[in-house]
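Here are a few short exercises to try with the structure open beside you. Work through each one before you read its solution.

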Amino acid sequence: MGIWEAITDLVEAATPWSTAEAEAPAEDQPQEESEDSQEEEEEEEEEEEEDEEEIEDPKEKFEEECKNSKQCAPAKHHFDECVERVTNASDEGEAKEDCVEEFFHLAHCASQCAAPKLWSVLK
């Protein structure tokens, strides 16, 4: 194999559009057969959808329980107060604060509380 053949092989490999090959035309099938096959495909798709169960994330359930627990009560109290304060201020058109910091404190508390419970379920 010479150098020219190697270069030609590389060019052919890098340019897939250099050679176009058409597929053979599909054979005409009677209408009845194609309608039957479409109905069968639709039935199979419906069965597959029914078989797939939606998996629930246990983390969300545990975090929601923890947000309402005694452990996270102070963080939830601060967050609820902030939301009420900001809502009242926005009704009056004077909203100058948000509750991002309080939200993250509550989320952190819920994550810390839910972590041990989550690991026991996942093992």
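**Exercise 1.** In this predicted model, classify F103 as buried, partly exposed or exposed.

*Solution.* Begin with the cut-offs: under 20% relative accessible area is buried and over 50% is exposed, with partly exposed in between. F103 has 39% relative accessibility, so it counts as partly exposed.

**Exercise 2.** Find the aromatic pair that F103 forms with F104, and name its geometry.

*Solution.* The two ring centres are 5.5 Å apart, with 65° between the planes. Planes over 60 degrees apart count as edge-to-face, and that is the label for F103 and F104. As for cover, F104 is exposed because its relative accessibility is 52%.

**Exercise 3.** How many aromatic pairs are there in total, and which cluster do they build?

*Solution.* Step one: the count is 2 aromatic pairs. Step two: look at F79 and F103, whose ring centres lie 6.1 Å apart with planes at 55°, so this pair is tilted. Step three: place them in the fold. F79 belongs to helix α4 (residues 73-92) and F103 to helix α5 (residues 100-122), so the pair ties together parts 24 residues apart in sequence. F79, at 19% relative accessibility, counts as buried. Step four: F79, F103 and F104 form one aromatic cluster.

**Exercise 4.** Where does E54 sit, and is it buried or exposed?

*Solution.* Look in the loop between α2 (31-51) and α3 (58-67) to find E54. Its relative accessibility is 78%, so E54 counts as exposed. On the surface, E54 gathers with E56, D57 and E60 in a patch of negative charge.

Technical notes: Residues are numbered from 1 along each chain as its sequence is written. This is a predicted model: local features need pLDDT of at least 70, side-chain atom pairs count only at pLDDT 80 or more; totals for chains, interfaces and linings use all residues. Side-chain values use heavy atoms; hydrogens and water are left out. Patches are made of residues with over 30% relative accessible area and no salt bridge: like charges are joined within 9 Å, nonpolar side chains (Val, Leu, Ile, Met, Phe, Trp, Tyr) within 5 Å. Accessible areas come from the Shrake-Rupley method with a 1.4 Å probe; for residues, only the protein chains shown count as cover. A salt bridge is a side-chain nitrogen of Lys or Arg within 4 Å of a carboxyl oxygen of Asp or Glu. Lys and Arg count as positive and Asp and Glu as negative; His and the chain ends are not counted. The place of a charge is taken as NZ of Lys, CZ of Arg, CG of Asp or CD of Glu. Helices (H or I, at least four residues) and strands (E, at least two) are DSSP runs, numbered from the N terminus. Buried means under 20% relative accessible area, exposed over 50%, partly exposed in between (1.4 Å probe, protein chains only). Rings of Phe, Tyr and Trp (its six-membered ring) pair if their centres lie within 6.5 Å; planes under 30 degrees apart count as stacked, over 60 as edge-to-face and the rest as tilted.
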